[in-house]
Amino acid sequence: MATTRVTLLPGDGIGPEVVAAACRVLVATGVPIEWETHQVGQAAAPGPGLPEAVLASVRANGVALKGPVTTTKERTGPPSVNVGLRTALDLFAQVRPVRSRTGLRTPFTGVDLAVIRDTTEDLYGGVQLDAGAPETEAVIDVVNRAGRGVVRPGSAIGIKPVSEAACRRLMAFALQYARDNGYRRVTAVHKASAMRSTDGLFLEVARDVAGEFPDVAFDEMLVDSTCAALVRHPQEFGVLATLNLYGDILSDLAAALVGGVGLAPGENVGPGAAVFEAAHGSAPKHAGSGRANPMAMILSGAMLLRHIGRSEAADRVEAAVDAVVAEGTTLTYDLERTPADRPPASTDEVATAVIEAMGRR
Ligand code: NAD
């Protein structure tokens, strides 16, 4: 079996713990992987950030497993490593599959959907203008003089760019993903009723691209209605294709319906690289405690295996996670344990249980 070189980015917060657990599981599959480890975020040297060597490594290997990275909420803080990585590598589509698992007492069973969002544009595009800055006042002045609405002087501004090219690429990816993965329905999620220029363009393009996929059922839904429908009958959804901000929120919401972010994997896909990472963040309050749930990262590793053509190993990892969840005895604090008063398992104990479950198959 040929060895695959994979860039490994442990990240910070709980990242190194859950990434180490996922690596143990991937190694136990027997798939030969050579890890090329780089530090990003708070762990990077000489200071927090996204070293150029990281980008070069992901570009060269084409595939990475990444832990979460803390992003400051302070206005003057360093730029987001996550946004930087996606921008530099043109990782335009983020896929977050959400699936019910037997054994958890969650509000729903039978959920099997995927949230796919564009990650290049929208309000996360990085165009943030501070209140009172000269460039902000200049933009406000232009907008007010153009008669396209009234922006109060002194406001902070976030710009929401949405281009036809990005929408077209995202929708083609989402529809093809649905076709390849057996989802029969793709829903374009938008708020075109309130944002006609941006979301209206997204919707027009979505309809147009959907016409090229006659075998995939296509519909459209306002983002607020989508939230309501998700918490009432999530089983009815297949792929939800959407813009950056809505997708970020919807994927956490959907994950919470079937066990939470501790079980939610993901991938960021671009033309030259794919970066696999859990939907959750760095959970700083649990960093170093050994309590974090590694399952989302392990499942992201399974997605990575499938991406590099090791579907059989990916199936084994996913089935083993399902078995450990169904048994209910070796689960971290965030999932319901059987019996409920059993102490939560540690990150490492869960990885060991998954490896043992793989061995039983
Ligand atoms: P978070 O996902 O880190 O935490 C939200 C809640 O979920 C917390 O209660 C946390 O304890 C819990 N949680 C998260 N992961 C868990 C796990 N594996 N096991 C058990 N419980 C888990 O979200 P947050 O608190 O909003 O963000 C923390 C930091 O992470 C922020 O700096 C944020 O910017 C960053 N973040 C990074 C990424 C990424 O790197 N892709 C994604 C989201 C958030």
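**Salt bridges and burial**

Arg5, Glu34 and Glu36 are linked in a network of salt bridges. The model is predicted, with local features needing pLDDT of at least 70 and side-chain atom pairs counting only at pLDDT 80 or more, while totals for chains, interfaces and linings use all residues. Residues are numbered from 1 along each chain as its sequence is written, and side-chain values use heavy atoms, with hydrogens and water left out.

Me: What makes the contact of Asp199 with Lys160 a salt bridge?
Reply: The term requires a side-chain nitrogen of Lys or Arg within 4 Å of a carboxyl oxygen of Asp or Glu. The closest N and O atoms of Asp199 and Lys160 are 2.8 Å apart, so the pair qualifies. Asp199 lies in helix α6 (198-210) and Lys160 in the loop between β7 and α5, so the salt bridge ties together parts 39 residues apart in sequence. Helices here are DSSP runs of H or I with at least four residues, and strands are runs of E with at least two, numbered from the N terminus.

Me: Why is Lys160 called buried?
Reply: Buried means under 20% relative accessible area, exposed over 50%, and partly exposed in between (1.4 Å probe, protein chains only). Lys160 has 15%, so it counts as buried. Asp199, at 0%, is buried as well.

Me: Why does Arg168 count as partly exposed?
Reply: Its relative accessibility is 28%, which falls between the two limits.

Me: What makes Arg168 and Asp208 a salt bridge?
Reply: Their closest N and O atoms are 2.9 Å apart, so the distance criterion is met. Arg168 lies in helix α5 and Asp208 in helix α6, so this pair ties together parts 40 residues apart in sequence.
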